[in-house]
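These exercises ask you to read a structure one step at a time. Try each task on your own before you follow the worked solution.

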Amino acid sequence: MRFDIFTLFPQMFEGPLTESIIKRAREAGIVEIHLHNIREYATDKHKTTDDTPYGGGGGMVMKAEPIFRAVEAVLGLPPRRAGEPTPPPCPIILLTPQGRPFTQEVAAELSQLERVVLICGRYEGVDERVREHLATDEISIGPYVLSGGELPAMVIVDAVVRLLPGALGDPEGARKDSYAMGLLEHPHYTRPADFRGWRVPDVLLSGHHARVAEWRRQESLLRTLVRQPEMLSKAPLTEEDRRFLEALCSRIQELLGQ
Ligand code: ADE
């Protein structure tokens, strides 16, 4: 898979994209990540990439021209004009707090693609013509406003790369992820069995695989019920899961005297 990321701040990506899982996935040829500095595609001598908004008001708006030129050059597209839509060869995603919410399902959807373009907006916003006539999709990583699309782009790349076959050490890792299973994960423990008087649950030390599996599943169900109950309606639950949850609810009703 290949990501092309368009940004005014390529150096922000140093670190997150050059360490750990993403570093190894890049070295193994599982993913290619190309950073493109939008400023290099500005045509005036000052390399201007932003300007004041028409209609007044504070702040600056990112100009359409350098972004169009950058994406067209990298994708090998002819210059786009009104009335001449050229379909792009891959999705062109604008990162904006107004976009569709980024979820594990969206990460899975993107991980199926050969190539994805990410455009990082900055300042007060991006000229609307980028959204209307260049981007094919808009994504938000959450209901809050960041200073730009760079951190969202890193979040998306991370969530997608770990889903690519071979990216994780444990080939089952991504499938076992809590959100992928539709439930929150059970608690994890490692040595020592007693840390400052806090003991690991006995069942995990029992060596009894079936009981460990049952305990983990029940802890997952319990956590999901308490922390993210809306996930339960979509989770693939077994008959046994349902019986456990129903027994739990009956017990709570009993305790409340209902
Ligand atoms: N740019 C600024 N805030 C953002 C957000 N929450 N998601 C995506 N892009 C953004």
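**Exercise 1.** Locate Gly166 in the chain and decide whether Gly166 is buried or exposed.

Solution. Begin with the elements along the chain: Gly166 lies in the loop between helix H5 (150-161) and helix H6 (173-176), where helices (H or I, at least four residues) and strands (E, at least two) are DSSP runs, numbered from the N terminus. Before going on, note that this is a predicted model, in which local features need pLDDT of at least 70 and side-chain atom pairs count only at pLDDT 80 or more, while totals for chains, interfaces and linings use all residues. Residues are numbered from 1 along each chain as its sequence is written, and side-chain values use heavy atoms, with hydrogens and water left out. Next, consider the surface: Gly166 is exposed because its relative accessible area is 61%, given that buried means under 20%, exposed over 50% and partly exposed in between (1.4 Å probe, protein chains only). Finally, the C-alpha atoms of Gly166 and Asp51 are separated by 44 Å, and these two residues are 115 residues apart along the chain.

**Exercise 2.** State which strands form the open sheet that contains S4, and work out which of them stand at its edges.

Solution. The open sheet has 3 strands in the order S3-S4-S7, and its pairing is mixed. Strand S3 (50-51) and strand S7 (125-126) each have a single partner strand, so one side of each is left without a neighbour in the sheet, and these are the edge strands. Two strands count as paired if DSSP finds at least two bridges between them; S3 and strand S4 (residues 61-62) are joined by 2 bridges and run antiparallel. Within this pair, Asp50 stands opposite Met62 in S4.

**Exercise 3.** Find which residues surround the ligand, and then name the polar contacts that backbone atoms make with its nitrogen atoms.

Solution. First collect the residues near the ligand, meaning those with a heavy atom within 4 Å of it: they are Leu95, Thr96, Pro97, Ile139, Ser140, Ile141, Gly142, Tyr144, Val145, Leu146, Gly148 and Pro152. Then look for polar contacts, which are pairs of N or O atoms within 3.5 Å; within protein, one must be able to donate a hydrogen and the other to accept it, and residues adjacent in sequence count only if both atoms are side-chain atoms. A backbone N or O atom of Ile141 lies 3.0 Å from a nitrogen atom of the ligand. A polar backbone atom of Gly142 is 3.2 Å from a ligand nitrogen, and one of Leu146 is 3.0 Å from a ligand nitrogen. The protein covers 96% of the 260 Å² of accessible area that the ligand has on its own, as found by the Shrake-Rupley method with a 1.4 Å probe. Two or more residues of the shell come from each of strand S5 (92-101) and strand S8 (137-140), and S5 gives the largest share, 3 residues.

**Exercise 4.** Describe how S5 and S8 pair, and decide which way the side chains of S8 point.

Solution. S5 and S8 pair in the parallel sense over 5 bridges, and the bridge partner of Leu95 in S8 is Ile139. In a regular strand the side chains alternate between the two faces of the sheet. In S8, Asp137 and Ile139 point one way whereas Glu138 and Ser140 point the other way, and all are buried. Ser140 is a useful residue to follow further: Ser140 counts as buried because its relative accessible area is 6%, and its side chain reaches the backbone oxygen of Gly142 at 3.0 Å.

**Exercise 5.** Examine the backbone angles of Ser20 and Lys47, and find which peptide bond is cis at Pro192.

Solution. Ser20 is in helix H1 (residues 20-27), and its phi is near 55°, a positive value in a residue other than glycine. Lys47, in the loop between strand S2 (32-37) and S3, also has a positive phi near 55°. Ser20 counts as partly exposed because its relative accessibility is 43%, and Lys47 counts as partly exposed at 34%. The cis peptide bond runs from Arg191 to Pro192, with omega near 5°, and Pro192 is found in the loop between helix H7 (178-181) and strand S9 (194-195).
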